[in-house]
Amino acid sequence: MGFMDRITNMLFPQEYICLFCKGDTHYRKDYICTTCIKLIELANREVDLELPGIGKVYYSTLYNRFIREKLHAFKFQGKSYLYKPFGEILINTIKEKGLETNIDAITFVPIHKRKKALKGYNQSELLAMYISKQLGIPLLDNHILKVKWTKDQSTLGKIDREKNLKDCFKAINIEDFIGKEILLIDDIITTGTTMEECSKVFIENKASRVHGLTLTSSRYSDD
Ligand SMILES: [Zn+2]
């Protein structure tokens, strides 16, 4: 780190730390250092769920060891501040795929309010809030509720995942999104059931189209 960087670092320490490794050298603008960025395999790929009204679901990175560990820390170990570097990774995909021009509003896959109270935050909500703020896209933050307490999807197979999530989302304040194209944020896509169920609720309540965006996908994971 150069002399001026060191001075700036003393003045604004938060801004000069990689939030993934807490290293303070070779800082980049997106809270990710040059060492960590090499461990992230950017993919910007698409999954086609082939459901009426639902556009593509995009995901940003391959599900490698680094992403798996950091995502686990973000979701289950209280490292909520990781919404910043992860949010930057999602913004990169939005720009790369030209999604910004179509989207009227951004929203996120909700968790049950009891679960949110236990955890203190919903990681997908933090990501959506960050993207909304950075890109100036309106946020729909009280429009879909998770009304059923469900089992953790990662413990279930495809059929049980569908059963588990049946009728568990409910739309409210519908007038805010009628006719709108929505970008729905989640942290990970596996079978796509969560994205499908959530998108369906928006489409049934007259959103014009829903696109999905997740950080990563364990659908085609090879480990
Ligand atoms: Zn780092």
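These legends accompany close-up views of a predicted model.

**View 1. Five strands build an open, mixed sheet.**
The strand order is β1-β2-β7-β6-β3. β1 and β3 stand at the edges. Each has a single partner strand, so one side of each is left without a neighbour in the sheet. From one strand to the next, the twist averages 25°. Strands of a sheet pair through backbone hydrogen bonds, either parallel or antiparallel. Both kinds of pairing appear in the views below.

**View 2. Strand β6 pairs with β3 and with β7.**
β6 spans residues 181-189. Eight of its nine residues are buried, so the strand is mostly covered. Strand β3 (residues 105-108) runs parallel to β6, and four bridges join the two. One bridge pair can be picked out here: A105 has I182 of β6 as its partner. Strand β7 (residues 209-217) also runs parallel to β6, through eight bridges. On this side, D186 is bridged to T214 in β7.

**View 3. A right-handed β-α-β unit links β6 to β7.**
The unit consists of β6, helix α8 (residues 193-204) and β7. Helix α8 lies across β2, β6 and β7. Its direction makes an angle of about 165° with β6.

**View 4. Helix α6 lies across β3 and β6.**
Helix α6 covers residues 123-135. It runs at about 165° to β3. L127, which belongs to the nonpolar core of View 7, is one of the residues with the most contacts inside that core.

**View 5. β1 and β2 run antiparallel.**
Four bridges join the two strands. V47 stands opposite V57 in β2. N44 is placed in strand β1. Its phi is positive, about 50°, although N44 is not a glycine. Most residues other than glycine have a negative phi. N44 is partly exposed, because 15 other C-beta atoms lie within 10 Å.

**View 6. G53 sits in the loop between β1 and β2.**
This loop connects β1 (42-47) and β2 (54-62). G53 counts as partly exposed because it has 14 C-beta neighbours inside 10 Å. Leaving out residues up to four places away in sequence, G53 touches I203, R209 and V210. K200 is 147 residues from G53 along the chain, yet their C-alpha atoms are separated by 8.1 Å.

**View 7. The largest nonpolar core has 48 residues.**
The residues with the most contacts inside this core are F86, L90, L127, I182, L184 and I185. Two or more residues come from each of β2, α3 (65-76), α4 (83-96), β3, α6, β6, α8 and β7. Domain 1 (1-39) and domain 2 (40-217) both give residues to the core, so it lies between them. A closer look at F86 shows contacts with F74, L127 and L215, not counting residues up to four places away in sequence.

**View 8. N173 is a non-glycine residue with a positive phi.**
N173 lies in the loop between β5 (169-171) and β6. Its phi is near 50°. Is N173 buried or exposed? N173 is exposed, because 12 other C-beta atoms lie within 10 Å, and a residue with 12 or fewer counts as exposed.

Key
Residues are numbered from 1 along each chain as its sequence is written. This is a predicted model: local features need pLDDT of at least 70, side-chain atom pairs count only at pLDDT 80 or more; totals for chains, interfaces and linings use all residues. A residue is buried if 20 or more other C-beta atoms lie within 10 Å of its own, exposed if 12 or fewer, and partly exposed in between; C-beta atoms are placed from the backbone. Two residues are in contact if their C-beta atoms, placed from the backbone, lie within 7 Å. Two strands pair if DSSP finds at least two bridges between them. A crossover is right-handed if, with the strands pointing away from the viewer, the path from the first strand over the helix to the second runs clockwise. Axes are lines fitted to C-alpha atoms, for helices over the stretch in contact, and angles run from 0 to 180 degrees between N-to-C directions. A nonpolar core is a set of buried Ala, Val, Leu, Ile, Met, Phe, Trp, Tyr and Cys residues joined through C-beta atoms within 7 Å. Domain bounds come from an automatic or database domain assignment.
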